[in-house]
Amino acid sequence: MMPPKHKKHSCESLPTNLPENVINAILMRLPLRDAVRTSILSKQWRYKWCRLPQLTLDDKIWKTTNNLLSPSIKFTNIMYNILTLHSGPITKFTLSMSELKKYPKIDSLIYFLSRNGIEHLVVQFSEWNLYKLPSSFFTCSQLRHLTLQNCLICPPPAFKGFNMLISLELCHVSVSSISLESLISSSPYLENLVLKISDTLSHIQIKAPLKYVPHLTKLSLMYGESYEDSEKCDLDKFLQSFPVLEHLHLEYGSSQFLVADVPRRLSSALNHLKHLYVSVDELDDISCALCLIRSAPYLQTLEVKVSMDESDNEVDEVSASFSDVTLNHLRTVKVEGITCTMLEMQLVKLLLANAPMLVRMLIEPGPYYAYTEAKILAEFTKYQRASPKAEIVVRDY
């Protein structure tokens, strides 16, 4: 008896009448390496990747069976294929190369993108070698979303900014104060701004106020330790540049950078602010946070990351400062890094006592806290709550 014949699998079983948009949707969900390989499936799939409007090139590209070639050589080959074979517009491109030590062909790639309608660009490199953006980058006039990490930004004198920009994220970049201010202020439609400035890079000072940025709703700041030697920024004037701000995220060092002179309350209320994140390392950080809370009458979400020592005077000072704090719209609170010092416990107590609409308070203890979760919860449940619905949850890391 003859053994049964195994059914042959071939490309003939592939669908041959898929719409163009369906094929593009499939290819854009694949790593670039796999998208290129689909060219061998059938005539319909051949070189379809060459017309994709969105491409992602990241460290996954190195995960191949060929380990004989260096990443730089592999990258050069990939760049050659993209630059010579791709046709049509590229509206979104992500280039994330943390393992690459040299950057061959990238200037040519940026030039290529600048002439092909790029609107959403992500460029991320290794911290060991900053990539200097070429002059062609500053001609990407259609940019709407821009993320740069470990890049050197030196705009030419004629650069007037990206006037269509909606989202800007700068992480550990090197840029002059003048160029940074110009980049932000020349983007009238900017809605999301993230600045993560490393203290190891060139000194950056933002002299407030910036020009009016009327559409900005999300602002995230992280400033390195070099703020101690830099000129402080006026908190009140700085925030006047963002009249419709809804999300404010102040990471490590940023509140110190902003506190040249912290008022008790801002001159203009933050009536649109709904979400606030603050990192508290010193008493000045608490003063900054309380100023923002007092000035945000419609605040709904508050996140506080604590990491500080204390004194009895500080506990009394924080208690007294809550005398005119109203939290009538606050619904969720998260306190991260708590170690159950008197100052932290008092802060939690005051938040519970002044938030009549509070639904949930999440406590995340720090790595070296002395109390058990059960003991922390038992301690906090003794505190008076303005909201009968308020739930306290203690969650370990």
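Here are a few questions and answers about this predicted model.

User: Where in the chain is confidence highest, and where is it lowest, going by helices and strands?
Analyst: Let's start with the chain as a whole, which averages a pLDDT of 81, with 80% of the residues scoring at least 70. The low end is helix H7 (residues 254-258), at a mean of 65. The high end is strand E5 (residues 145-149), at 96.

User: How many contacts beyond four places in sequence does the model have for residues 199-203?
Analyst: Take these residues with some care over confidence, as pLDDT stays under 50 there. Residues 1-13 also stay under 50, and for them the model has two such contacts. For residues 199-203, the count is 14.

User: How many of the residues count as buried?
Analyst: The chain has eleven helices and 15 strands. Its accessible surface comes to about 20400 Å², and 52% of that belongs to carbon and sulfur atoms. Buried here means under 20% relative accessible area. Of the 397 residues, the buried share is 47%.

User: Which element gives the largest share of the lining of the second largest pocket?
Analyst: That pocket holds about 320 Å³ of space and 19 residues line it. Helix H1, helix H2, strand E1 and strand E2 each supply at least two of the lining residues. The largest share is four residues, and they come from H2.

User: What is the split of that lining into nonpolar, polar and charged residues?
Analyst: Among the residues nearest the pocket's centre are Met28, Leu30 and Thr56. Over the whole lining, the split is ten nonpolar, three polar and six charged.

Terms used: Residues numbered from 1 in each chain as written. Predicted model: local features only at pLDDT ≥ 70, side-chain atom pairs only at ≥ 80, totals over all residues. Heavy atoms only, no water. pLDDT = per-residue confidence, 0-100. Contact = heavy atoms within 4.5 Å. 1 Å grid on protein atoms, 1.4 Å probe; cavity = no way out; pocket = protein on both sides within 12 Å on 5 of 7 lines; lining within 4 Å. Points joined across faces, edges and corners; volume = space filled by probe spheres on them. Nonpolar A, V, L, I, M, F, W, Y, C, P; charged D, E, K, R; others polar. Buried < 20%, exposed > 50% of the residue type's maximum accessible area, 1.4 Å probe, protein only. Areas by Shrake-Rupley, 256 points an atom, 1.4 Å probe, with all protein chains shown as cover.
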